[in-house]
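User: Please take a close look at the strand pairing in this structure and set it in its wider context. A connected account would be preferred to a list.

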Amino acid sequence: MSDGLDYSTEFKLTEKYQTSPWIRSHRDNAVSWIAAHAARYWYLGLIMLAGAIGNAGLAAAVPIYIGQAMDALLGAEDPLTVLQKIAWWIVGTQVVRGVLQFGRNFSAELIGQRMERDIRHEFYTSLLGKSMTYHNLQPVGDVMARATNDVREINFMFSPGINLVVGSANFIVMPILFSFRYHPALAAAPVIFLVLYILALWQYLYELRPITDAVRKAFGRLNTRLAEAVDGIETVKGAAAEKKEVRLFEKNAENFRDQEVRQGDVEARFLPLLLMGLVQSGGLLHAIILFQRGLVNVGDIVAYFGLLLLLGFPTFVSLFAYSQVSLGVAGARRILELINKETELDQNEAGYEQPMQGELAFQGVYFAYPDGEVTVKDINFEVKPGQTVAIVGQTGSGKTTLAKLVNRTYDVNQGKIIIDGVDLRDWNLAELRKQISIIEQDIFLFSDSIADNIAFGRPEANREEIKQAAKSAQADKFIQSFRNGYDTVLGERGVTLSGGQRQRLALARAFLTDPRILILDDSTSSIDSATEDEIQRAIFAAAEGRTTLIITHRLSQIRWADHILVLRGGEIVASGTHEEMMETSPAYRRIFSE
Amino acid sequence: MGFFSGLDTEEYDREYGDRELISRIFTYLQPHGKRIFWISFFLILVAGAGAALPLLVSNGVDRFSQGPADNAVYLLVGLVLLSTVINWGGNWVRRRLTVRTVSDMTMTLRIDAFESAANHDLSFYDQFSSGRVVSRITSDTREFGKLVVLVTDLIAQLAQALILGIILSQIEIRLFLYVLGFLPLLFVISLAFRKLARKVTREGMRAMAKVNATIKETVSGIAVAKNFRQEQAIFDDFHQANQESYQMNVQRGLVLSMVFPLLNALGGIGTAFLVYVGGINVTQGLVTVGSWYLFLLSLDRFFFPVLNLSAFWAQVQAGLSASERVFALIDAQPAVVQHQQIVPERLSGKVVIENLDFRYEEDEWVFRDFNLTIQPGESVALVGHTGAGKSSIAKLLARFYEFQAGRIVVDDYNIRDLDLIAYRKHLGMIAQVPFLFSGTIADNISYACGECGEEEMLAMAKKIGQGEWLDTLPEGLQTQVGERGGQLSMGQRQLVALLRVLVQHPSIFILDEATASIDPFTEWQIQQALDLVLEHSTSILIAHRLSTVKSADRIVVLQDGRIIEEGTHRTLLADDGHYANLYNTYFRHQSLEYIEESRDLV
C-alpha cells in the first residue's frame with residue numbers, strides 16, 4: 001500500500017485510465033487536490049486570466065474615453081472630429097472586450113466541465129478499486145450524491161465561481177491602476193474600498209453561513225414530515241390525527257419562516273453596497289477638491305467617477321460568487337473523504353488456488369463492525385460439501401453478516417473460517433470469490449436486456465446456455481411471457497420485475513457461473529401458491545450439488561435443510577437437523593405448529 | 001442574474017384565468033397592506049435616490065465646465081453621498097419588509113394548502129400522487145413567493161428608469177428617442193438569446209437525465225460487478241456516460257458564455273453612438289455638456305431593466321402556474337360530505353351495509369346492491385381475488401370514499417351523520433404496508449390515542465412474546481424508527497402498528513394484512529398481537545395469511561363485488577366450492593402439509 005498504487009488493490013484499469021501519481025499525491029488536502037487537477041488545464045487558466053484582465057481593462061476604457069470626449073467638447077477646436085474618432089475607439093474596444101470576456105467565460109466553463117469529468121472519473125475508478133467490504137459499508141445513496149452533486153459543485157466552483165471572483169477582482173484593480181493617470185492621490189478611494197470590501201465581505205459570509213445552515217435544516221424538517229404525513233395519509237386519517245399533523249406542520253412552517261427571515265435580514269443589510277456608495281461619493285469629493293486646486297480637469301473627474309462606478313460589479317457578484325467557491329471546496333472534501341478511506345483486506349495473490357470442494361467450517365468466529373457493534377459471537381458449525389444450511393432468526397440477529405464472512409466481504413475478528421481445510425485468509429481472494437456466489441436481499445439488475453443480466457457473470461455465455469440457466473431457475477416461463485422475451489430491457493425505461501422474479505434471475509446468474517458455494521439471502525414472499533411452487537423448485541435445484549447457505553423465512557426451506565442454525569443477538573441459540581430441533585427447541589416447535 | 005433564471009421550467013397548461021389568479025393572490029397580500037404600503041414607499045424612495053445620482057453628477061459637471069466653481073459643489077457632493085446612503089438604507093428596509101411579507105404569505109399559503117390536503121378524502125390522493133402534493137406545498141408555494149420578490153424588484157428598476165426617462169425627455173427629446181429606439185433592439189436580442197439558452201438547457205437536461213441514470217446505475221452496480229469480477233465492463237459504461245455528459249455540458253456552456261459578452265459589446269456600440277450624436281447636440285447648443293454626460297450615465301440604468309424584462313414574462317408565467325397548482329389543491333372539493341356531526345360516546349361495533357352501490361370511476365361499479373351485516377365482537381375475514389372488493393369495504397367503512405347509493409349503519413348511526421374525527425377514534429386501522437412516522441417507537445404506538453402512558457404501552461408490549469422483540473431494540477420503546485420506520489424490519493413495523501391499535505382499544509378493527517415476508521419467529525409474535533386485538537373488537541380482516549383466515553369467526557368470499565359464499569374455514573373447505581379454489585390458489589403453500597411435501601416438487 002505504500003507503493004502509490006494503493007487504490008487499485010482489487011481491480012486495475014489499463015494505464016491510460018488511471019489517475020496520475022502526481023494527482024494522487026495531492027489527495028490529503030482538498031484545495032491542493034483541486035489545484036492539482038486544475039493545473040492540467042493551465043493554458044485555459046491563462047486564457048481566463050488574460051480574458052479577465054482584458055475585459056476589465058477595456059471596460060475601464062469607456063469612462064476614460066468619455067473623459068476625453070468631455071475635454072474635447074469643452075476645449076477642442078473641432079470637437080466632432082475628435083468625438084468621431086473616440087466613438088470608433090469605443091466601438092472597437094468594446095467589441096474586442098466582448099471577445100475577451102467570452103474567452104474568459106468559456107475557458108472557465110471548460111475548466112469547470114473538465115474538472116467535473118475528471119474528478120468523477122477519478123472518484124469512480126477509486127470506487128472500483130475498493131474492496132467489497134467498503135461497498136458493503138458505504139450507503140449507495142451517499143456515494144451517488146457525491147458522484148453527482150458534489151462533483152457538480154466543483155464544476156460550479158470554477159464556472160461561475162472562480163470566473164466571477166477573478167473577473168470582478170480585476171474590476172477593483174483597474175480603477176486603482178487607472179486613477180494614477182489622473183492623479184496618484186486618487187488611488188486612495190479604490191484602495192480603501194479594496195481593504196474595507198474584503199473585511200465587510202468576510203464578515204458577511206461569516207455571519208451568513210450558520211444561518212443558511214439553519215434554513216436548510218428547518219426546511220429539511222418541514223419537508224420530511226410533510227412527505228411522511230402525505231404518504232401516510234391513510235394512517236393519519238385512520239388515527240383521526242389530521243389536526244395533530246396540521247399543528248405540527250404549522251410549527252415546522254413557522255420555524256422555517258423565522259429562519260428565512262433571519263437570513264433575509266442579514267442579506268438585506270449587505271454592507272459592501274453601502275461601502276461602494278461611500279467610496280464613490282468620497283472619490284468624487286476627492287476629485288473635485290483636486291479640480292478646485294487646478295490639479296485635474298473636468299474630463300478627469302468624469303473619467304475617474306466612471307472608473308469608480310466599475311466597483312458595482314464586484315459588489316454585486318460577491319453576493320454569491322464566494323459561497324460558490326467554498327461550496328466547491330466542501331464538495332471536494334466530501335469526495336476525498338471516500339477516496340481516502342482505505343480497506344485493509346489483502347488479496348493474497350500467492351494464496352491457495354484449487355478447485356473448491358465446498359467443505360465449510362466456522363470455528364469460534366467473532367465479528368464486529370468498525371463502529372464497534374458486535375454482530376456475531378462464537379459461531380461454530382460444519383458443513384459437508386453439497387449440504388444445505390438454513391439460517392433462521394429475527395432481523396438484526398446477525399444472519400446476513402454471518403453469510404458475508406464466507407466470501408471475505410468482511411474478515412473475522414477472532415476464530416477462523418475454513419473451506420476445504422484451508423483458512424479463508426490463506427486462499428487467493430480472487431479464486432475464492434470466483435467459486436462463491438452471493439445472492440443478496442436487494443437484487444440489483446442493470447437496465448440491460450434480461451439475457452445480459454443473466455450472463456453478467458459470464459458474458460461469453462451463448463443464448464442456449466442462458467436459456468438453460470433460466471429454465472433451471474424457473475425463470476424461463478415468465479421471461480417468455482414478455483413480448484421481447486430474453487431481449488426485454490429492464491429498469492426505469494423498461495419492464496419492472498417483482499421481487500420473486502428478480503430473485504429467480506439472480507438464481508439463473510448463479511446457475512450460469514456454477515459456484516461451489518452458494519449463499520442465498522432470501523426474503524421474497526409469494527402471494528399465490530403457484531409462484532411459491534416455482535420459487536421452491538428453483539431454490540431446491542440451485543442448492544443441488546453445491547454447498548448452500550440459505551437465509552430464509554420459508555418454512556419449507558428450513559424444514560428440508562440438512563442443518564439449521566437459529567441466531568439471536570449474533571449467537572447460535574439452537575442448531576441441528578429439523579428432527580433434532582423439534583425435540584430440543586420449544587421456539588422452533590412453535591413455528592411449526594398451526 | 002435574472003436573465004439566467006427559470007431556464008429549466010416546464011410548460012404547464014393553466015386552467016385558472018390570469019385575473020382570477022391575481023385576485024386570489026391579492027387575498028393573500030391583503031393582510032400585509034401596511035407593509036406593502038411601506039415597501040412601495042421605500043421602493044419609490046430608492047428609485048428616486050438611484051435616479052438622483054446621475055442627475056447630481058451631471059449637474060456638477062455643468063458647474064465645472066467653466067473652471068473652478070463655488071462652494072455649492074460641496075453641497076452637491078453631500079447630496080450624492082445622501083443619495084447613496086438612502087439607496088442602501090432604503091433597500092435595507094425594503095428588503096427586510098419584503099422578506100417578512102413573502103415569508104408570512106408563503107407560510108400562510110403552505111398551511112392552508114396542507115390543511116386542505118389533510119382534509120381531502122382518499123379519492124383525491126388517487127388522482128394526485130403524494131409526491132405531487134408535497135411539491136405543491138413546498139416548491140410551488142416557494143415559486144409563488146419568488147414571484148412577489150421578482151415583481152417588486154422589477155418595479156423598483158422600472159420606476160428608476162421611468163423617473164430618469166421623464167427627466168431625459170424633458171432635456172432633449174430627440175436624444176432621448178435615440179436611447180429609446182435602442183432599447184427594443186436590445187430587448188429582442190435578449191429575448192432571442194433566452195430562447196436559445198432555454199433550448200440548450202432543455203436539451204442538456206434531457207441528456208443529463210440519461211447520463212445521470214447511467215452514472216446512478218454504474219455506481220449502484222459496483223458491488224454486483226465486483227461479485228462477478230466484471231469491473232472492466234461496468235467501467236466502460238461509466239466512462240462513456242461521463243464523456244457524453246461532458247460534451248453536452250460544454251455545448252450548453254458555449255451558448256451561455258456568449259450572452260453577456262454580446263450584450264456588453266452591444267452596450268458599447270450604444271455608448272459610442274450617444275457619445276457622437278450627443279456631442280453634435282452639444283456643439284449645436286441644444287444640450288449642455290452635463291446633460292450629454294447624464295445621457296451616458298443613464299444608459300446603464302435602462303440597460304438592466306430591459307435585460308431583466310426579457311426574462312420577466314417567462315418567470316411570471318412560471319410563478320403564476322405554480323400559484324395555480326397551489327390554489328387548485330386548496331380549492332379541490334371533497335367528495336365525502338357529512339350531513340351531521342354526531343359524536344358517538346361508545347360503539348358496540350355492529351355494522352350493517354344495505355343496498356350499497358359504489359364505484360371509484362364512472363361506469364366501473366365495484367358494488368351493486370351489496371349487503372353485509374357484522375355483529376358486535378365478530379371477526380370477519382374477507383377473501384377473494386384482487387378486485388373482488390375486499391379493500392373497498394374497509395375503505396368505505398373508514399369513510400375514506402363516498403358511495404353512490406344505499407347506506408352504511410354503524411350501531412344505530414348512519415355513517416354520513418357521524419363526526420368523522422370522533423368516529424375514527426373508535427376505528428383501529430392497519431394498512432397493508434404499515435406506516436410509521438419518524439420518531440420513537442413510543443411516539444408511534446401512542447399516535448392514535450394521544451395520552452397513553454409509557455406503562456400501558458410497556459404492559460401491552462410485554463404481552464407479546466414476553467416482550468422479547470423490545471429487548472432486541474437498542475433503546476426499547478425509545479428507539480428511533482427512522483424516516484417512514486425504515487430503521488425497523490417489516491415484521492417489527494407490523495408489531496408496532498398492531499400495538500398502536502391495541503392501546504387505542506377500538507370498537508372496530510380493520511386490518512389489511514401485509515404480504516411481505518417475515519421471519520417465522522416475528523410472525524408468531526404478530527399472530528399473538530393479532531389474537532389480542534381480535535378478542536376485544538369487531539374485526540374486518542382482509543386476510544392473506546392462512547392462520548388469520550382460520551382464526552376468523554366467519555369467512556366471507558367475495559367475487560366481483562358480490563358475496564358468493566359464507567362460513568368457517570372448515571365448512572367452506574368441505575363444501576369444495578369457490579373458497580376451496582381460493583385456498584388452493586393463495587393459502588395452500590402456507591399449510592404444514594405443503595411444507596412436508598415441498599421436497600417432492602423437484
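**Strand pairing and its surroundings**

Analyst: In chain B, 44% of the 602 residues are buried (a residue is buried if 20 or more other C-beta atoms lie within 10 Å of its own, exposed if 12 or fewer, and partly exposed in between, with C-beta atoms placed from the backbone). The model is predicted: local features need pLDDT of at least 70 and side-chain atom pairs count only at pLDDT 80 or more, whereas totals for chains, interfaces and linings use all residues. Residues are numbered from 1 along each chain as its sequence is written, while chains are lettered from A and ligands numbered from 1 in the order in which they are written.

Chain B holds 20 helices and 10 strands; helices (H or I, at least four residues) and strands (E, at least two) are DSSP runs, numbered from the N terminus. Its radius of gyration is 36 Å, against near 25 Å for a compact globule of 602 residues; the radius is taken over C-alpha atoms, and the globule rule is 2.2 Å times the number of residues to the power 0.38. Along the principal axes, the C-alpha atoms of chain B fill a box of roughly 115 × 65 × 50 Å. Among contacts in chain B with a separation of 6 or more, 79% join residues 24 or more positions apart; two residues are in contact if their C-beta atoms, placed from the backbone, lie within 7 Å.

The sheet of chain B comes next. Six strands form an open sheet there, in the order β6-β7-β8-β3-β9-β10, and the pairing is mixed; two strands pair if DSSP finds at least two bridges between them. The edges are β6 (427–430) and β10 (562–567) of chain B, each with a single partner strand, so one side of each is left without a neighbour in the sheet. On average, neighbouring strands of this sheet are turned by 20° against each other, direction ignored. At one edge, β6(B) runs parallel to strand β7 (residues 508–512) of chain B, joined by 4 bridges. Within that pair, Gly428(B) has Phe509(B) of β7(B) as its bridge partner. At the other edge, the loop between β9 (554–559) and β10 of chain B contains Asp560(B). Asp560(B) has a positive phi, near 45°, in a residue other than glycine, and with 14 other C-beta atoms within 10 Å it is partly exposed. Another non-glycine residue with positive phi, about 55°, is Gln466(B), located in the loop between α13 (454–462) and α14 (468–471) of chain B. Gln466(B) is exposed, having 12 other C-beta atoms within 10 Å.

In chain A, an open sheet of 6 strands has the order β6-β7-β8-β3-β9-β10, with mixed pairing. Here β6 (436–439) and β10 (571–576) of chain A stand at the edges; each has a single partner strand, so one side of each is left without a neighbour in the sheet. The average turn between neighbouring strands of this sheet is 15°, direction ignored. Strand β3 (residues 388–393) of chain A pairs with strand β9 (residues 563–568) of chain A in the parallel sense over 5 bridges, and Val392(A) stands opposite Val566(A) in β9(A). Helix α19 (residues 499–513) of chain A packs on the sheet, where it touches β6 and β7 (517–521) of chain A, and its direction makes about 175° with that of β6(A); axes are lines fitted to C-alpha atoms, for helices over the stretch in contact, and angles run from 0 to 180 degrees between N-to-C directions.

Strand β1 (residues 360–368) of chain A includes Gln363(A), which counts as partly exposed with 15 C-beta neighbours inside 10 Å. Beyond four places in sequence, Gln363(A) is in contact with Asn380(A), Gly415(A), Lys416(A) and Ile418(A). Gln363(A) and Ile418(A) lie 55 residues apart in sequence, with their C-alpha atoms 7.9 Å apart.

Finally, the contact between the chains takes 129 residues from chain A and 122 residues from chain B. Helix α4 (residues 79–129) of chain A gives 25 residues, the largest share of the side of chain A that touches chain B. By class, that side of chain A has 65 nonpolar, 37 polar and 27 charged residues, where Ala, Val, Leu, Ile, Met, Phe, Trp, Tyr, Cys and Pro count as nonpolar, Asp, Glu, Lys and Arg as charged, and the others, Gly among them, as polar.
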